[in-house]
Amino acid sequence: MNGLKISQGRFIDEVDDETFANVVVLGAEAAETLFPIEDPIGQTVQVGEKHNYTVVGVTERRASSAGIGGSLSA
């Protein structure tokens, strides 16, 4: 999972995969943007016009990588 860690809920699991469950794990920033007040777990996210996904997890906020947002010094 590319070093991602869950802060709320869970990752997508084998049962979700086997049953083609419409579930999603959101990044921390997306969860805060979409659900600034309420708990995102159990909420529905619509992708496109017809695809609804239930939020089952939220990842931890990731620290900035080296070189991103940094400044150069002489």
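Colleague: Let me start with one residue: is Arg-61 buried, partly exposed or exposed?

Modeller: Arg-61 is partly exposed, with a relative accessible area of 46%. Do keep in mind that this is a predicted model. The label follows from the cut-offs, because buried means under 20% relative accessible area and exposed means over 50%.

Colleague: Which residue forms a salt bridge with Arg-61?

Modeller: The general idea comes before the case. Side chains of opposite charge can pair when their charged atoms come close. Here the partner of Arg-61 is Glu-32, and their closest N and O atoms are 2.6 Å apart. This pair links distant parts of the chain: Glu-32 sits in helix α2 (residues 28-34), whereas Arg-61 lies in the segment after β4, 29 residues apart. Glu-32 also counts as partly exposed, at 47% relative accessibility.

Colleague: How many salt bridges does a search of the whole structure find?

Modeller: The search finds 4. Among them is the pair Arg-10 and Asp-13, whose side chains meet at 3.5 Å, N to O. Another one joins the side chains of Asp-16 and Arg-10, at 2.6 Å, N to O.

Colleague: Which residues are joined into one network by salt bridges that share partners?

Modeller: Arg-10, Asp-13 and Asp-16 are the members of that network. You can read their exposure one by one. Arg-10 is partly exposed at 32% relative accessibility, and Asp-13 is partly exposed with a relative accessible area of 32%. Asp-16, by contrast, is buried, with a relative accessible area of 8%.

Colleague: Now for the whole fold. In what order do the elements run from the N terminus on?

Modeller: Following the chain from the N terminus, you meet β-α-β-α-β-β. That comes to 2 helices and 4 strands. As for how the chain folds back on itself, look at the contacts with a separation of 6 or more: residues 24 or more positions apart account for 57% of them.

Colleague: What share of the residues counts as buried?

Modeller: Of the 74 residues in the protein chain, 19% are buried. The accessible surface comes to about 5800 Å², and carbon and sulfur atoms hold 51% of that surface.

Colleague: Which residues make up the largest nonpolar core?

Modeller: To read a core, look for buried nonpolar residues whose side chains touch one another. In this model the largest one has 7 residues: Val-24, Leu-26, Ala-31, Phe-35, Val-45, Val-55 and Val-58. Strands β2 (23-26) and β4 each supply at least two residues of this core. Take Ala-31 as an example: not counting residues up to four places away in sequence, Ala-31 touches Leu-26, Pro-36, Pro-40 and Val-58.

Colleague: Where is the place of Thr-59, and is Thr-59 buried or exposed?

Modeller: Thr-59 belongs to strand β4 (residues 51-59). Thr-59 is buried, with a relative accessible area of 9%.

Colleague: Which backbone nitrogen does the side chain of Thr-59 reach?

Modeller: The side chain of Thr-59 reaches the backbone nitrogen of Ala-28, at 3.5 Å. Beyond its neighbours within four places in sequence, Thr-59 is in contact with Leu-4, Lys-5, Ile-6 and Ser-7, and also with Val-25, Leu-26, Gly-27 and Ala-28.

Methods:
Residues numbered from 1 in each chain as written. Predicted model: local features only at pLDDT ≥ 70, side-chain atom pairs only at ≥ 80, totals over all residues. Heavy atoms only, no water. Buried < 20%, exposed > 50% of the residue type's maximum accessible area, 1.4 Å probe, protein only. Polar contact = N/O pair within 3.5 Å; in protein donor to acceptor, adjacent residues only side chain to side chain. Contact = heavy atoms within 4.5 Å. Areas by Shrake-Rupley, 256 points an atom, 1.4 Å probe, with all protein chains shown as cover. Core = buried A, V, L, I, M, F, W, Y, C linked by side-chain atoms within 4.5 Å.
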